[in-house]
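User: I would like to go through this model by question and answer, beginning with the overall fold and ending with single residues.

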Amino acid sequence: MQNNSRHFGIAAGLVVVSTFLVYWLLDSVLRLPAQSSVEAVSIDRLFNYHIWLIAFLFSLVVVFMLYALFVFRHRRGEDEEKEGEYFHSNVRLEIAWTVIPLIFVVFFSVEATRILIDITTPSPDEYVIEVEGFQWGWNFIYPETGLITQELVLPLDQPILLEMRSRDVLHNFYVPEFRVKQDLVPGQTTRLRFTPIETGDFTMVCAELCGFNHTGMQAAVRVVPEDEFAMWISGQVAAR
Ligand SMILES: [Cu+2]
């Protein structure tokens with residue numbers, strides 16, 4: 001029994017070391033795009049918790065398996081009939097493997113719900129832009145002026161509400177740097193909220209397989225300071 005807890009202690013230590021190593025490896029391989037919206041920060045935090053949990057669960061399984069394979073392997077000259085100690089049930093272990101996953105599941109449910117509520121709650125000063133998706137392109141309609149463009153220009157630090165409709169089949173609005181994502185559903189108006197926090201050029205891609213030219217269904221997205229946005233709007237209106 002003394003020996004069992006020593007083996008368990010070593011394996012547990014290796015699980016901890018392996019968790020950090022696997023996390024570091026996944027974090028270096030899965031480089032995420034820049035965080036260019038307010039929402040991206042909390043979505044990435046949740047994503048990061050998942051990567052930690054994945055690193056831990058992977059280590060838990062693989063370390064115990066490899067430890068058993070190497071440390072308890074059959075050695076030359078050892079008794080062929082030798083078998084491990086037989087035991088039936090282990091109440092402490094069973095309680096642990098029920099309660100610990102339960103804590104994780106509850107934590108993830110609460111945290112995910114909290115973030116979902118946070119990123120979908122309307123803010124009072126939203127700037128509304130209508131989005132129309134079709135096979136295979138996008139129209140952006142600025143309701144205040146009736147302006148219709150194929151490039152989505154957004155004011156910096158301004159909460160945006162997209163009211164989205166599809167002319168034909170399912171499409172999906174997705175700018176990787178903003179993280180948020182929403183389907184366009186024929187016959188419905190779907191809404192997407194985010195606040196851009198970085199100026200620059202981005203690419204919006206359709207993220208719902210929608211036919212032959214789905215991969216070409218992209219649109220330029222440009223985030224500019226508020227005064228530049230006002231100038232762009234008046235310039236576009238004047239040029240009509
Ligand atoms: Cu599409």
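User: What percentage of the 240 residues of the protein count as buried?

Analyst: This is a predicted model, in which local features need pLDDT of at least 70 and side-chain atom pairs count only at pLDDT 80 or more, while totals for chains, interfaces and linings use all residues. Residues are numbered from 1 along each chain as its sequence is written. A residue is buried if 20 or more other C-beta atoms, placed from the backbone, lie within 10 Å of its own, exposed if 12 or fewer, and partly exposed in between. By that count, the buried share of the 240 residues is 17%.

User: What radius of gyration does the protein have, against the value for a compact globule of 240 residues?

Analyst: The C-alpha trace spans about 90 × 40 × 30 Å along its principal axes. The radius of gyration is taken over C-alpha atoms, and the globule rule is 2.2 Å times the number of residues to the power 0.38. For a compact globule of 240 residues the radius would be near 18 Å, but the protein has 27 Å.

User: In what order do the elements run from the N terminus on?

Analyst: Helices (H or I, at least four residues) and strands (E, at least two) are DSSP runs, numbered from the N terminus. The protein has 4 helices and 10 strands. Their order is α-α-α-β-β-β-β-β-β-β-β-β-β-α.

User: Which element gives the most residues to the side of domain 1 that touches domain 2?

Analyst: The assignment, which comes from an automatic or database source, gives domain 1 (2-71 + 89-120) and domain 2 (127-238). Their contact, where C-beta atoms placed from the backbone lie within 7 Å, takes 10 residues from domain 1 and 12 residues from domain 2. On the domain 1 side, α2 and α3 are the elements that give two or more residues. The one that gives the most, with 4 residues, is α2.

User: How many of the 30 residues of α3 are buried?

Analyst: Helix α3 covers residues 91-120 and should span 44 Å, at 1.5 Å times one less than its number of residues. Its end C-alpha atoms are 43 Å apart, which agrees. The helix lies largely in the open, because the number of its residues that are buried is 0.

User: Which residues of α2 are buried?

Analyst: For the 34 residues of α2 the expected span is 50 Å, and the end C-alpha atoms are 50 Å apart, which agrees. The buried residues of this helix are E39, A40, I43, A55, S59 and V63.

User: Which residues touch the most other members of the largest nonpolar core?

Analyst: A nonpolar core is a set of buried Ala, Val, Leu, Ile, Met, Phe, Trp, Tyr and Cys residues joined through C-beta atoms within 7 Å. The largest one has 22 residues. Elements that give two or more residues to this core include α2, β1 and β5. The members that touch the most others are V131, L152, L162, M164, F173, M204 and V221.

User: Is V131 buried or exposed?

Analyst: V131 lies in strand β1 and, leaving aside neighbours within four places in sequence, is in contact with W138, F140, L162, E163, M164 and F173. Since 24 C-beta neighbours lie inside 10 Å, V131 counts as buried.

User: Where is S89, with its positive phi, located?

Analyst: Phi of S89 is near 60°, a positive value in a residue other than glycine. S89 is exposed, because 6 other C-beta atoms lie within 10 Å. Its place is the loop between α2 and α3.

Notes. Contact = placed C-beta atoms within 7 Å.
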